[in-house]
Amino acid sequence: MIKSNERADAYRVLHLWLTEGAFIKESGLSPFAMELALGVCRRHLLLEYFIKTLTKKMPPLEEKVILEMGLFQMFFMDVPDHAAISTSVELAKAASLGEGATRLTNAVLRAARRSGLPQMPPQRVRRISIENSVPEWIVRRWFDVYGGDKAETLAKATLERPTEWLRVNLQKTTTAKLAEALGFGKDAVTLYDRYIQVPRDASLKTLLNSPEFSAGHFSLQNPAAFEVVKLLDAKPGMSVWDACAAPGGKTALLAEMDGSLRILASDSSETRLEKMQDLMTRLGITNVNTECIDITTAIRDAQPAIFTTREKNATQFDRILLDVPCSNMGVISRRPESIYRLSPESIMELSELQFQILENAAKALKPDGRLVYATCSPDPQETTQVINRFLKVHPDFKKVGDAVLPGDAVLLGDANPNLDRFFAQALEHKP
């Protein structure tokens with residue numbers, strides 16, 4: 001029996017998302033409430049359009065959230081219609097929205113049960129936008145970059161429940177031993193001999209409360225990160241700077257892969273650095289130093305003080321990883337809130353920030369060193385255009401191979417590629 005307060009929790013979190021931009025996954029909801037809240041977020045534009053077809057004018061935000069929750073339960077969850085309607089009415093009463101809101105909730109949801117999902121508009125971009133709850137300007141952008149069919153494939157992929165993966169800490173255990181300890185069975189899906197796919201029926205909350213997690217035997221990470229880190233081609237004993245390191249997943253992966261690497265992990269936030277240090281402690285990693293560095297400010301060759309965690313007078317690195325702040329357009333299914341925060345202007349601002357970070361970090365790369373620029377957005381304005389702009393003004397750098405695009409199997413017709421859509425390009429300094 002599902003407790004009614006789970007719906008109240010989902011309502012509270014959705015209200016915070018819509019009014020304050022809060023992240024849903026950080027709310028600590030129960031599995032049912034999380035499925036409901038993330039589902040409403042993923043299908044927000046469709047549910048909003050549905051409400052418009054059933055009402056003379058859009059109700060206030062609080063009422064609209066309850067209606068979206070009710071509609072999502074009725075049409076996209078295994079919840080009986082009568083339960084979705086009655087609990088939505090109860091929620092409107094509990095939220096003290098007034099008798100009018102209670103009557104409206106009941107009437108709209110009953111009308112939806114009779115009518116079914118609304119007919120979509122005939123215009124293709126508009127239809128794709130509403131059906132998949134992707135803002136229309138983004139759909140048009142994808143049409144321009146990929147063409148109509150691939151744009152529609154990408155839009156549909158945003159609704160997929162993302163595959164979860166465990167990265168095995170091979171310094172402490174093996175994939176086979178961990179899969180057995182967690183009860184995944186002998187048929188557990190593995191990748192790169194260090195990732196285990198989490199079965200759909202497994203509880204992430206249970207996994208994160210397990211003794212194996214506390215002992216540092218695994219972390220949550222999509223295997224696309226491995227494809228990015230591999231591009232560094234780090235050799236034993238090298239110095240590596242992860243310049244945009246928080247929350248620390250790629251730093252930890254590097255350290256687990258080679259304990260002889262001398263790694264500096266930096267971030268502009270002391271709070272995020274403290275969480276990173278907690279991560280390293282849990283994993284038993286000892287070859288990572290952390291330092292608060294704002295990479296968006298200029299780094300001058302004559303000012304090596306920011307590298308105080310490294311050897312005296314050693315101001316440059318063999319390898320630099322830049323996992324820059326981005327639009328998250330490649331991981332919308334994992335972070336559905338991100339798509340509603342974006343605008344053409346915000347992507348332009350991000351691309352300027354990304355270029356500045358690349359400019360600044362490149363000054364700390366040794367001759368013949370390698371830098372990897374990565375984003376979890378494949379958008380050209382954040383990826384190839386930033387790289388090309390940088391190379392135009394820095395002829396002493398060159399690309400190493402082609403860009404790596406893990407997760408882009410979705411564009412090749414695979415509806416469930418299992419990998420996040422990252423972009424990564426390796427650059428070498430050849431003075």
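# Helix and Strand Exercises

The axes of helix 3 (residues 44-54) and helix 4 come within 10 Å and cross at roughly 105 degrees. The model is predicted. Work through the tasks below with the structure open.

## Exercise 1: helix 3 on helix 4

**Task.** Work out how helix 3 and helix 4 are oriented to each other, and which residues meet.

**Solution.**
1. Start from the angle. Helix 3 and helix 4 cross at roughly 105 degrees.
2. Apply the cut-off. Angles of 65 to 115 degrees count as roughly perpendicular, so helix 3 and helix 4 are roughly perpendicular to each other.
3. Find the contacts. Helix 3 brings H44, L46, L47, E48, F50 and I51. Helix 4 brings K64, L67, E68, L71, F72, F75 and F76.
4. Sort them by class. The contact of helix 3 with helix 4 has nine nonpolar, one polar and three charged residues.

## Exercise 2: helix 4 on helix 6

**Task.** Describe the packing of helix 4 and helix 6: the angle, the handedness and the residues in contact.

**Solution.**
1. Locate the pair. Helix 4 covers residues 61-76, and helix 6 covers residues 99-115.
2. Read the geometry. The angle is about 30 degrees, and the axes lie 10 Å apart.
3. Name the orientation. Angles under 35 degrees count as roughly parallel, so helix 4 is roughly parallel to helix 6.
4. Add the handedness. Helix 4 and helix 6 make a right-handed crossing.
5. List the contacts. From helix 4 come E63, I66, L67, G70, L71, M74 and F75. They meet A101, L104, T105, V108, L109, A112 and R113 in helix 6.
6. Sort them by class. The contact of helix 4 with helix 6 has 10 nonpolar, two polar and two charged residues.

## Exercise 3: the seven-stranded sheet

**Task.** Trace the open sheet of seven strands, and find what surrounds strand 8.

**Solution.**
1. Write the order. It is 7-6-5-8-9-11-10, with mixed pairing.
2. Mark the edges. Strand 7 (288-292) and strand 10 (397-404) each pair on one side only.
3. Note the twist. From one strand to the next, the twist averages 20 degrees.
4. Join strand 5 (residues 239-242) to strand 6 (residues 262-267). They run parallel and share four bridges. Here D242 faces A265 in strand 6.
5. Add the helix. Helix 14 (residues 249-257) packs on the sheet and touches strands 5, 6, 7 and 8; its direction makes about 175 degrees with that of strand 6.
6. Join strand 5 to strand 8. Three bridges link this parallel pair. D242 stands opposite L321 in strand 8.
7. Join strand 8 to strand 9 (residues 365-375). Six bridges link them, again in parallel. I320 stands opposite L371 in strand 9.
8. Check the cover. Seven of the seven residues of strand 8 are buried.

## Exercise 4: the four-stranded sheet

**Task.** Which strands stand at the edges of the open sheet of four strands, and which helices pack on it?

**Solution.**
1. Write the order. It is 2-3-1-4, with antiparallel pairing.
2. Find the edges. Strand 2 (190-191) and strand 4 (218-220) have a single partner strand each, so one side of each lacks a neighbour in the sheet.
3. Join strand 1 (residues 165-168) to strand 4. Three bridges link this antiparallel pair. The bridge partner of V168 is F218 in strand 4.
4. Place helix 14. It lies across strand 1 and strand 3 (195-197), at about 40 degrees to strand 1.
5. Place helix 15 (residues 270-283). It touches strand 1 and strand 4, and its direction makes about 145 degrees with that of strand 4.

Notes: Residues are numbered from 1 along each chain as its sequence is written. This is a predicted model: local features need pLDDT of at least 70, side-chain atom pairs count only at pLDDT 80 or more; totals for chains, interfaces and linings use all residues. Side-chain values use heavy atoms; hydrogens and water are left out. Axes are lines fitted to C-alpha atoms, for helices over the stretch in contact, and angles run from 0 to 180 degrees between N-to-C directions. Helices (H or I, at least four residues) and strands (E, at least two) are DSSP runs, numbered from the N terminus. Angles under 35 degrees count as roughly parallel, over 145 as roughly antiparallel, 65 to 115 as roughly perpendicular and the rest as oblique. A crossing is left-handed if the near helix is turned anticlockwise from the far one by less than a right angle, and right-handed if clockwise. Contact means heavy atoms within 4.5 Å. Ala, Val, Leu, Ile, Met, Phe, Trp, Tyr, Cys and Pro count as nonpolar, Asp, Glu, Lys and Arg as charged, and the others, Gly among them, as polar. Two strands pair if DSSP finds at least two bridges between them. Buried means under 20% relative accessible area, exposed over 50%, partly exposed in between (1.4 Å probe, protein chains only).
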